[in-house]
Amino acid sequence: EASPRLEDNQWVLDQVKGNPLIVAYVANIEAGTPEFRTSLARFRKNSLVRGIRVFDAKFIAGVSRPAFMEDLKRLADADMSLDAIGETDTKWLAPLLTVAEKVPNLRIVINHMPEEPPAWKAEQISALAKHPQVCCKVSGVLKTVGGKVPTDVGGYRGALDQLWEFFGPDRVMYGSNWPKSDHLAPYATVLSVVKQYVEPKGTAASEKFFSKNAKAFYKWHD
């Protein structure tokens, strides 16, 4: 994960070069800036770079700006994806829906669901899910209830059922949000909770959730 500094992207790529465990990287380059086109051309030469990440405030500020929307079209035309991240509220979901409508060939994944964006409404997510290029990254499952983090899937099932209903088995993908998830529980707990939910759905659904959907979305190379 790179900081907003452009060269941090290169630093990360240098660190993971040749590591067989790293199959894809989502860059941090800012759409809507004069440098975006050059930066995109530079980093897409590395086959690990499969898209960019954009935070909530950027959607709110950028969706009405032609330069921002044109850069997202360039991203789509380069067959790269967009990770959409919202940590504060749901105000950015309407602009994200506009992006989905105006750039229909751009693959979009909403990060850190179901806990982010906080207090989302079913109608907001279902509207986005109606667009077949929009996916859901299930990387924000754990939460604190009464001062404790439940380790049984029962406390999370309702929200997970909604995501599965909205996006279906082909557009949900696993994410750990590690190491940030360590603030709530060890990685083993993160994995255990989602396995409790997904594995009863069968081998095919589990394979899609834990690997195949992500590979199809990011189009990483073997």
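Which residue of β3 is the bridge partner of Phe55? The partner is Ile85. The model shown here is predicted, and this pair is a good way into its sheet.

## The sheet

Start with the strand order. Six strands form an open sheet, and they run β1-β2-β3-β4-β5-β6. The pairing is parallel. At the edges sit β1, residues 25–27, and β6, residues 172–174. Each of these two pairs on one side only. On average, neighbouring strands are turned by 35° against each other, direction ignored.

Now look at the strands one by one. Strand β2 covers residues 49–55, and β3 covers residues 81–85. The two run parallel, with 5 bridges between them. Phe55 and Ile85 are bridge partners here. On its other side, β2 meets the edge strand β1: 3 bridges join β1 to β2, again in parallel. Within that pairing, Val26 has Gly51 of β2 as its bridge partner. Strand β2 is mostly covered, with 6 of its 7 residues buried.

Strand β3 contains Ser81. Is Ser81 buried or exposed? Ser81 is buried, because its relative accessible area is 0%, and buried means under 20%. Leaving aside neighbours within four places in sequence, Ser81 is in contact with eight residues: Arg50, Gly51, Ile52, Leu75, Leu106, Arg107, Phe217 and Tyr218.

## The nonpolar cores

In soluble globular proteins, nonpolar side chains tend to be buried together. This model has a largest nonpolar core of 63 residues. Which members touch the most other members? They are Phe59, Leu96, Leu106, Ile108 and Phe167.

Take Leu106 as an example. Beyond its neighbours within four places in sequence, Leu106 is in contact with Leu72, Leu75, Ala76, Met80, Ser81, Leu82, Val99 and Gln133. A second core is separate and has 8 residues, including Val26, Cys135, Met173 and Tyr218.

Helix α5 spans residues 93–102. Its buried residues are Leu93, Pro95, Leu96, Leu97, Val99 and Ala100. They pack against three helices, α3 (56–62), α4 and α6, and against three strands, β3, β4 and β5 (134–138).

## Pocket and cavity

The largest pocket has a volume of about 1300 Å³. Its lining holds 34 residues. Closest to the pocket centre are Ala24, Val26, Lys137, Ser176 and Trp178. Which elements supply at least two lining residues each? They are α1 (6–16), β1, β2, β3, β6 and α9 (203–218). Helix α9 gives the largest share, 5 residues.

There is also 1 cavity of 30 Å³ or more. About 60 Å³ of space lies in the largest cavity. Its lining is made by Val138, Leu160, Leu163, Trp164, Val172, Val194, Tyr197, Val198 and Phe209. Two helices, α7 (157–167) and α8, each give two or more residues to that lining.

## Unusual backbone angles

Most residues other than glycine have a negative phi, and most peptide bonds are trans. Four places in this model stand apart from that pattern. The table lists them.

| Place | Feature | Angle |
|---|---|---|
| Met113 to Pro114 | cis peptide bond | omega near 5° |
| Trp178 to Pro179 | cis peptide bond | omega about 10° |
| Asp79 | positive phi, not a glycine | phi near 60° |
| Lys219 | positive phi, not a glycine | phi about 55° |

Where do these residues sit? Pro114 is in the loop between β4 (107–110) and α6 (122–129). Pro179 is in the loop between β6 and α8 (187–198). Trp178, on the other side of that cis bond, is one of the residues closest to the centre of the largest pocket.

Asp79 lies in the loop between α4 (66–77) and β3. Asp79 is partly exposed, with a relative accessible area of 32%. Lys219 is found in the segment after α9. Lys219 is also partly exposed, at a relative accessible area of 36%.

Conventions. Residues are numbered from 1 along each chain as its sequence is written. This is a predicted model: local features need pLDDT of at least 70, side-chain atom pairs count only at pLDDT 80 or more; totals for chains, interfaces and linings use all residues. Side-chain values use heavy atoms; hydrogens and water are left out. A nonpolar core is a set of buried Ala, Val, Leu, Ile, Met, Phe, Trp, Tyr and Cys residues joined through side-chain atoms within 4.5 Å. Buried means under 20% relative accessible area, exposed over 50%, partly exposed in between (1.4 Å probe, protein chains only). Contact means heavy atoms within 4.5 Å. Two strands pair if DSSP finds at least two bridges between them. Helices (H or I, at least four residues) and strands (E, at least two) are DSSP runs, numbered from the N terminus. Axes are lines fitted to C-alpha atoms, for helices over the stretch in contact, and angles run from 0 to 180 degrees between N-to-C directions. On a 1 Å grid over the protein atoms alone, a cavity is a set of points where a 1.4 Å probe fits but cannot get out, and a pocket is an open set with protein on both sides within 12 Å along at least five of seven lines; lining residues have an atom within 4 Å of a point. Grid points are joined across faces, edges and corners, and a volume is the space filled by probe spheres set on the points.
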